[in-house]
Amino acid sequence: MEAYIVDSLEQHLFFGRIMKEHALFLEAGFLPPNSGLARESERLMRAFEGLLSRAIGLSDCVVRRRVLDSGELFTPFTDCAERQTQRLTGIPIDRTLTARTMALAGNHRGEICLPRGLDRQVRQLNREGLRLVDQLIDLKERTLRGADGCALFTANYPLLIEHILREARHYRGHLARLEGMDCRCCREPCEEELFWDQIMMEHALFMRGLLDPTEEELIRTADGFAGDYRQLLVASAAANAKVMGCQNALELTRKFRDFKHAGVEGIESCKIRALILPLLADHVLREANHYIRLLEE
Ligand SMILES: [Fe+2]
Ligand SMILES: [Fe+2]
């Protein structure tokens, strides 16, 4: 029961924030003919803010210190990225969620004392997470179909929409597993690794495309990372390369994390020309930090 509670809350603290930001990126990408989709994105963003707020309220002294310290829930740039993104898009962002997450205390190993009824509240939260993520998956699928069929224009690449759809399904998979709806008791580590290697490769691909064409060196570096992850994916597909793959993935992702770290810094300080919102730059950095923590575990 303890593992169920801790795992659930850690998933919501990470993915709940990721989902609300996906909804914001979708909203910011629509034009006036698709104001209905923009409103739907806004509504889902607020719903995920509510879910995240409830998860934060249940997490103090319950989630692990190493998760709080991993840089997957917030980075030194998150608060500023939210402030800047709110100003640039005109979409209000509840920044108290970031401040409250930063103030959370971790559990002390072996001394975890769970309040009565917490399991019931976590179960409700997981059910609510499943309901909301299904709605967000549906919105992303409709947006992708519209973009692929040239029926709507969005400032987001089809690959980016496909990518955030993949992440939503991944979150859904974790919740289904926690709620016993997935017959596999736990996900295969190599399956998780393949998923995140592909996610990292796609970050490199859409970052290179969102950089201003004059940012030649950054584009070359991003291309290099995309190529490295593609090679890693090919190598990992070979059955006997799993152990090597994990070590290589860790080394590569630490380098990619440093690149993304410099990227957020450059975007927040207006030193990089790009079509990248500060919050998107911070978002992909947090996802790299999340993957690094999983690989280290
Ligand atoms: Fe994401
Ligand atoms: Fe991502």
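Glu 167 is buried, with a relative accessible area of 0%. In this predicted model, that residue bridges the iron ion (ligand 1) and the iron ion (ligand 2), which sit 3.2 Å apart. Below is a quick tour of the two iron sites, a histidine on helix 7, a pocket between the domains and a pair of cysteines with positive phi.

**Iron ion (ligand 1)**

- Four residues supply the protein donors here: His 22 (NE2), Glu 167 (OE), His 283 (NE2) and Glu 287 (OE), at 2.0 to 2.3 Å from the metal.
- Along the chain, these donors follow the spacing H-x144-E-x115-H-x3-E.
- His 22 belongs to helix 1 and Glu 167 to helix 7 (residues 158-178), so this pair ties together parts that are 145 residues apart in sequence.
- What is the geometry like? The angles subtended by the 4 donor atoms run from 83 to 165°, which makes the arrangement irregular.
- His 22 is buried, and its relative accessible area is 0%.

**Iron ion (ligand 2)**

- Which residues hold the iron ion (ligand 2)? Its protein donors are His 163 (NE2), Glu 167 (OE), His 203 (NE2) and Glu 287 (OE), lying 2.0 to 2.2 Å away.
- In sequence, the donor residues are spaced H-x3-E-x35-H-x83-E.
- Distant parts of the chain get linked at this site too: Glu 167 is in helix 7 and Glu 287 is in helix 11, with their positions 120 residues apart in the numbering.
- Both Glu 167 and Glu 287 are buried.
- This site is irregular as well, with angles of 83 to 164° among its 4 donor atoms.

**His 174, also on helix 7**

- His 174 lies in helix 7, the helix that carries Glu 167.
- Is His 174 buried or exposed? His 174 is buried, with a relative accessible area of 7%.
- The C-alpha atoms of His 174 and Ser 8 are separated by 8.5 Å, although the two residues are 166 apart along the chain.

**The second largest pocket**

- This pocket holds about 440 Å³ of space.
- Helix 1 (2-29), helix 4 (78-89) and helix 11 (278-296) are the elements that give two or more residues to its lining.
- Its lining is made up of 20 residues, and the ones nearest the centre are Ala 274, Leu 275, Ile 276, Leu 277 and Pro 278.
- Sorted by class, the lining residues come out as 16 nonpolar, 3 polar and 1 charged.
- Where does the pocket sit relative to the domains? Domain 1 (1-186) and domain 2 (188-297) both give residues to the lining, so the pocket lies between them.
- Two of those helices turn up at the iron sites as well: helix 1 holds His 22, and helix 11 holds Glu 287.

**Two cysteines with positive phi**

- Cys 61 isn't a glycine, yet it has a positive phi of about 65°.
- You'll find Cys 61 in the loop between helix 2 (35-59) and helix 3 (65-68).
- Cys 61 is partly exposed, at a relative accessible area of 41%.
- Cys 270 has a positive phi too, of about 60°, and again it is not a glycine.
- The loop between helix 10 (242-268) and helix 11 is where Cys 270 is placed.
- Cys 270 counts as exposed, with a relative accessible area of 71%.

Technical notes
Residues are numbered from 1 along each chain as its sequence is written. Chains are lettered from A and ligands numbered from 1 in the order in which they are written. This is a predicted model: local features need pLDDT of at least 70, side-chain atom pairs count only at pLDDT 80 or more; totals for chains, interfaces and linings use all residues. Side-chain values use heavy atoms; hydrogens and water are left out. On a 1 Å grid over the protein atoms alone, a cavity is a set of points where a 1.4 Å probe fits but cannot get out, and a pocket is an open set with protein on both sides within 12 Å along at least five of seven lines; lining residues have an atom within 4 Å of a point. Grid points are joined across faces, edges and corners, and a volume is the space filled by probe spheres set on the points. Helices (H or I, at least four residues) and strands (E, at least two) are DSSP runs, numbered from the N terminus. Ala, Val, Leu, Ile, Met, Phe, Trp, Tyr, Cys and Pro count as nonpolar, Asp, Glu, Lys and Arg as charged, and the others, Gly among them, as polar. Domain bounds come from an automatic or database domain assignment. Donors are N, O and S atoms within 2.8 Å of the metal (3.2 Å for Na, K and Ca); water is not among the atoms, so sites may look incomplete. Four donors count as tetrahedral if all angles lie between 85 and 135 degrees; four count as square planar and six as octahedral if opposite donors are over 155 degrees apart and all others between 65 and 115; anything else is irregular. Buried means under 20% relative accessible area, exposed over 50%, partly exposed in between (1.4 Å probe, protein chains only).
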